[in-house]
Every structure is written in C-alpha cells, then in structure tokens.
Amino acid sequence: PYDMLVVGGGPAGSAAAIYAARKGIRTGVVAERFGGQVADTMAIENFISVKATDGPKLVAGLEQHVLDYDVDLMKTQKAVRVEKKDLIEVELENGAVLKSKSVVLATGARWREMNVPGEQEYKTKGVAYCPHCDGPLFKGKKTAVIGGGNSGIEAAIDLAGIVEHVTVLEFGDKLRADDVLVKKAESLPNVTIIKEAMTTEVLGNGEHVTGLQYTDRKTGESHKLDLAGIFVQIGLVPNSEFLKDTLELTDRGEIVIDTHGRTSMDGVFAAGDVTNVPFKQIIISMGAGATAALGAFDYLIRN
Ligand code: FAD
C-alpha cells in the first residue's frame, strides 16, 4: 500500500505529492489530466516570484518537480470511489483498487460555462472566468460580467477599478448577490446592470471577442453589446461528484476541511479548489496541498 495517495494532479496535488515524497514515504498520484486547470490557462502573472509565465510552462515545471522525487505518477486515471476499510481504498474507473494509509483529495473544480455559440472559440481570447487572473488584461476596455450572484457582482466591482466600463447581465429579474455588494455596484458610475438578459452568442472577429448578443427576456428583443472581454461568473463546480455520500460536502459540493486539511473521513485530507477554501488560485492551492500533506504526515506518525 501507499503511505500517501494523492488524487489530482493540479497545483494542489503536485504540492502535496512533493511534500509527501520529501518525507521519504511511499507516495502515489492519480490524475485524470495532469496539470488541471493550469493546463487551460494562458498568461499567469500572479504566481508570486515569477513575473509572467503560462499554463503549459507551469504544468511542465510541476511535472518535472514531482518526478524529481520517488513518486508513482499515474496519469489519465480517474478515481471513482473512496472508502475507508482497514486501509483507505481508492477505486479507479478502470476497476483497479489502490490502497493507502492516507489520502489527499485535490480534484479541483471547473467553471460553469454558458454553452452559447462563440464561447469555446473565444476562450482565452476575451472569454474569461477569473477576474483576479485576467482583469488587468482588459485595462481601459469595455467588459461584461455574466451572472449577478456574489461572484458576478464582486467581479464587476473589482473590474470597475481597472476597465473602462462593466455591463452585468443577469438572467433573472433580480440580482442574487448580497445587498451590500449590489449597493456598491449600483453606486459605481462605470457599471451598468441589466436584468432578465439571456446571453445568446459571443461575437468575435476570428481573433478576439468584439461583443455579445443577448435577448431581453421581457420583450423578446435581441440586443448587441460591443466588448473586449466577457467574464463568465455563473458558478465554479467542484469535481467531487464521486465523493457524494462519502464525505461531508457543502451544499455547493465542496469538501469541508479544517485548518490541517482534514476531511470528515479519518485519514483523508483535501486541498485546493475542490474544498471550501474561500479563494481559488494557483498559489493558494499549492499552499493548501502542502498543508494537507503535512496534515496527513502528522496523522501517519500518530497512527
Ligand atoms: P485543478 O487545477 O482543477 O486540478 C485538479 C486535478 O484533479 C486535475 O489533475 C484533474 O484532472 C484531477 N481530477 C479531477 N477529478 C479527478 C478524479 N475523479 N480522479 C483523478 N483525478 C481527478 N489561478 C491563478 O492563480 N492565476 C491565474 O492566472 C489563473 N488563471 C486561470 C485561468 C483559467 C482559464 C482557469 C480555468 C483557472 C485559472 N486560475 C488561475 C485558477 C487556478 O487554475 C486554480 O485555482 C488551480 O488550478 C486549482 O488547483 P487544484 O490543484 O486545486 O485543481
């Protein structure tokens, strides 16, 4: 059996694996797609001490660093079940069952998409999902935020300080964000909020976003906005479906952890975007992965 089995090969899982292996214990990593969300990222400018890098470069760095240690890296393998028996069992989609004394779950999350024409084509070419990451790319330009929940209104307030103008498009007839955020957004001169607006298409010129088309759900009329950027803020979905009824999850499906990365299952720890940490970023996930591995190591030496 493994001493520590890490499920997930993004920044959180990579950090956990390196911290585990450096303790000289038997470490394994199972990753459906090594690199995780970082593999889909272009410019990264907030990975502290590295002024600018990109996703593929950072993923290559993660892999090299992990493989520098004696780690069993099992790529393109998906975990489908976790169960505590004598040891902790992790079943893979291909039917194999891995056993470990401790487990770190770092399966990340994915942004909910609008599923409208143009969205896929213009991803990273104006269609963005992370204002902390990509906001500065639209300095002085016109942008839209799709979604009037807390993350959408927070994004609008955040972007308003950087970009020329922000239009918030909310599908429903009222914003779902907290009152204090709504009041703040409404007070900003360069933020416009449009309710009952259904985005129907992302428009572009073949190279980058030029605008979007939406339907006013009250009148049925179609309208066009000229834009350089579109921030989609309609939810971040944790990759935790396979853990339902196994571990304590929040109502949004995030794994509940404590300050040591412990989950509700003895010997099982978690880190990164799949957990209930408030902020989802590369550097935060790496720190969380290190915490979970140290938490798990502490568990191992006590058990
Ligand atoms: P992830 O990166 O999501 O990795 C999860 C890992 O788990 C993957 O290897 C995945 O294949 C694997 N996995 C999932 N389910 C299973 C399973 N059942 N079995 C086995 N493996 C599984 N953050 C920044 O700090 N700066 C940025 O500039 C930035 N830009 C971004 C741009 C984009 C387009 C996106 C999508 C995100 C961006 N982020 C950025 C956010 C950042 O990528 C995430 O916060 C970070 O990757 C989270 O790391 P993680 O390890 O928790 O999860």
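Modeller: A polar contact here is a pair of N or O atoms within 3.5 Å; within protein, one must be able to donate a hydrogen and the other to accept it, and residues adjacent in sequence count only if both atoms are side-chain atoms. The model is predicted, with local features needing pLDDT of at least 70 and side-chain atom pairs pLDDT 80 or more, whereas totals for chains, interfaces and linings use all residues. Residues are numbered from 1 along each chain as its sequence is written, and side-chain values use heavy atoms, leaving out hydrogens and water.

Colleague: What makes the pair between Ser-285 and the ligand a polar contact?

Modeller: A polar side-chain atom of Ser-285 lies 3.4 Å from an oxygen atom of the ligand, so the pair falls within 3.5 Å and counts. Backbone atoms contribute too, with a polar one of Asp-273 at 2.9 Å from a ligand oxygen and one of Pro-11 at 3.2 Å. The protein covers 95% of the 1,000 Å² of accessible area that the ligand has on its own (Shrake-Rupley method, 1.4 Å probe).

Colleague: Which residues surround the ligand most closely?

Modeller: Of the 34 residues around the ligand (a heavy atom within 4 Å), the closest are Arg-33, Gln-37, Asn-46, Ala-79 and Ile-282.

Colleague: Why are β14 and β15 said to pair?

Modeller: Pairing requires that DSSP finds at least two bridges between two strands, and β14 (residues 197-204) and β15 (residues 209-216) have seven, in the antiparallel sense, so they qualify. Leu-203 stands opposite Gly-211 in β15, and the two strands form a hairpin with four residues between them, where Gly-206 in the turn has a positive phi of about 95°.
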